[in-house]
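Student: Could you take me on a close look at one part of this protein, the sheet near the end of the chain, and then place it within the rest of the model?

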Amino acid sequence: TWRVWAIYMVLAANLSEEQGLKQACPSCEATQLCNCSSMGLDFIPPGLTGKITLLNLARNRIKHIRSQDLQQAANLRALLLQSNEISAIDKDSFCSLGKLELLNLANNSLAHLSPEWFGHLFSLQHLHLQGNSYRDLGESSPFSSLRNLSSLHLGNPWFSTIRQGNFEGIEFLDQLWIDGGRLTQYEPGSLKLIKKINHMIINLRNSNVFLAIIRDLLHSVTWLEVREIKLEIEKKSLVQNSTLPFRIRKLTFKDASFTDQYISRILALLKEITSLQELEAIDCVLEGKGEWDTEEIARRGQSFVETISIINIMIPNFHLFFDLYGIESQINKLKRLTITSSKVFMVPCYLAKHFSSLLYLDFHDNLLVNNRLNETICKDAWPSLQTLNLSLNSLKSLKQTANSVTHVTKLINLDISQNNFGEIPDVCEWPKTLKYLNLSSTQISKLTTCIPPTLEVLDVSANSLREFGLHLPFLKELYLAKNQLKTLPGAAPIPNVVAMSVRRNKLNSFSREEFEGAQVGAVHLSLMECHRSLVVSSICVLVFLVILVLVAVGYKYHAIWYLRMTWAWLQAKRKPKRAPPKDICYDAFVSYSENDSDWVENIMVRELEQACPPFRLCLHKRDFVPGKWIVDNIIDSIEKSHKTLFVLSKHFVQSEWCKYELDFSHFRLFDENNDAAILILLEPIQSKAIPKRFCQLRKIMNTKTYLEWPHDEEQQEMFWENLKGALKS
């Protein structure tokens, strides 16, 4: 048959496009991951194939995505186009990307969003559209066909309007991120269409929009994160006629600005959200002194919040901050409190006593000092506390610190690392329940019986210890890394230790008492037991070398290509030689070199397709099915064509793809008695110019009539008549 011969012709035609891709983006050669980022491209490179699963075109100068740019890349899973200059996208540019899971169009110049772009992206899970120039999402939903969407990021500095129906078609999102710094128009109910959102992040500056959005999200969002908002006084209810149960569990403010008046108001209003369990403030500014309206807060009843985290809050007048008298009734249900990097220097004793349910307290990176610690951790304060973190403060006396925490009678875990204790006393008092103690990076040079014997975990890493001789009968984990130890701790004083870290010390000898069990000389180990790492490493290296050799041989001799071609040939041989007349769609399938495309597409196609009656020609560039393997496209096109038309030239016989013909010659690729093939000789080809591997081509040209393209215009009319007659036969 002529099928495989046609395969070679079209593969040769596609070679030049692949060469163009290699020149524009060298990393795309022989790999599924194509990284073309930051290469100054102003177009999507040609020659993309179905083997590519990730295409990175970020940080280029692309302005327009055309219909044909991505047509052949049907197996793409991720397409990264962020930080270009894209202002136009043809409506069917993504129509062949049915397997695409991630599309990033962030930071471009898109002035509007079209539903037609996303109509065929049935597998899309992650969509990034932020940083463009659109002001709204249109009159309807651009996302109605994205049923598998999991995360959506949209908005920009000019984004101002959200309308009802904009999110129609989306039922579930793991994350929704809206950059709405200038969002001023929000139609109530717009976000209610989304039934469930695990995490929503929204940048806002308008308090009225914030209140409208939070009302719409009460039943759908689990974690709401609001950024850059400057909250102002608002008297309206947050829940306004909303029915229970609510879904929202966590509310985060990041880079926000509060006043004393709004703190009072928002704390009162948040009590209406009975499902809210966690409040978080990160990198916020409190422009006040703590003059909160505690009476209004108390009138609203009990808070349901169990966890509060305040991280890096800035209080310009923190030295004038009030003691929060009157807030006691609102804190007795809290279970976890984190206040880090916020210049806390004390907590009033009477206030600390009202944290009756608190189990976890984190004061990491603050300004706590020993002479104020007795006020913060006074008698009967923090009655239920089990975990306390005082790391990275200004504590200097280990004895005073221990005396203070004895007031916390249920304390189990204590972290006082990264304080500058230096000296360590011989005797200290600790809570009898203490099991975990972190003293790492505290500048201590020795350990004494100040360390409580009840410990199960002790961390004294990153100090200046030269020895360890404590008797800790219950200790299970010991961390001694980054010290000055020259010998291991003895086994007898710490009989229950199961884990010990001694890296980065100065160990140079081991005493007999440090080990228990049989003598080394009496133990006989197998090679695997004695050199397990070496044996495993050797096996891994050997397996790796074998795989590497197989890959190299397969790559050098194009094994995968041959296997796929052989499979395609076997499938073709099993099919009928000629398709039923009803399945014939074309008068001829045209096989030609890409270097001859100008003559084929601009001269021959125009002459034949504009004839009367016109001929129907099949060209690979125009008529192949996107996303289908090229060999299958060729075989199907030949079967659906009455004739197969070969355009022969020097470019054809010099094609790189022809090196495969020798290996397939035993398949009888050229059938001399088959009249379905028409040969056109575009230019004279000397016999010596035809490689020896083309012996079958030489034989065919000597035994079969072919049409030669004349350069004389008078003779060209006869050429066309002969060609049309051959096509009709």
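Tutor: Happy to; here is the sheet with its surroundings, followed by the cores, a helix and another set of strands.

A word on the basis: this is a predicted model, in which local features need pLDDT of at least 70 and side-chain atom pairs count only at pLDDT 80 or more, while totals for chains, interfaces and linings use all residues. Residues are numbered from 1 along each chain as its sequence is written, and side-chain values use heavy atoms, with hydrogens and water left out.

The protein chain has 17 helices and 31 strands; these are DSSP runs numbered from the N terminus, helices being H or I with at least four residues and strands E with at least two. Your sheet is an open one of five strands, in the order E28-E27-E29-E30-E31, with parallel pairing. Two strands pair if DSSP finds at least two bridges between them. E28 and strand E31 (707-708) are the edge strands, each pairing on one side only. Strand E27 (residues 586-591) runs parallel to E28 and is joined to E28 by two bridges. Across that pairing, Phe-589 stands opposite Cys-618 in E28.

Now look at what lies over the sheet. Helix H17 (residues 713-728) lies across E27, strand E29 (641-648), strand E30 (677-681) and E31, at about 165 degrees to E30. Such angles run from 0 to 180 degrees between N-to-C directions, with axes as lines fitted to C-alpha atoms, for helices over the stretch in contact. Contact here means heavy atoms within 4.5 Å.

Just before E28, Ala-611 sits in the loop between helix H11 (597-609) and strand E28 (617-618). Ala-611 counts as buried because its relative accessibility is 14%; the cut-offs are under 20% relative accessible area for buried, over 50% for exposed and partly exposed in between, with a 1.4 Å probe and protein chains only. Although Ala-611 and Lys-724 are 113 residues apart in sequence, they are 9.2 Å apart in space, C-alpha to C-alpha.

Next come the cores. The largest nonpolar core has 141 residues, of which Phe-94, Leu-152, Phe-167, Met-200 and Trp-430 touch the most other members. Such a core is a set of buried Ala, Val, Leu, Ile, Met, Phe, Trp, Tyr and Cys residues joined through side-chain atoms within 4.5 Å. Its largest share, seven residues, comes from helix H2 (residues 207-217). Apart from this core lies another, of 23 residues, among them Val-590, Leu-619, Phe-719 and Leu-727.

Elsewhere, helix H7 (residues 398-405) has Leu-398, Thr-401, Ala-402, Ser-404 and Val-405 as its buried residues. They are on the same side of H7 because they cover an arc of only 160 degrees around the axis, the arc being that of the directions from the helix axis to the C-beta atoms. Their cover includes helix H6 (370-376), strand E21 (387-389) and strand E22 (413-415).

Finally, strand E19 (residues 336-340) is largely enclosed by the rest of the structure, because four of its five residues are buried. Strand E18 (residues 307-311) pairs with E19 in the parallel sense over five bridges, and Ile-311 has Thr-340 in E19 as its bridge partner. E19 also pairs in the parallel sense with strand E20 (residues 360-362), over three bridges, where Leu-337 stands opposite Leu-361 in E20.
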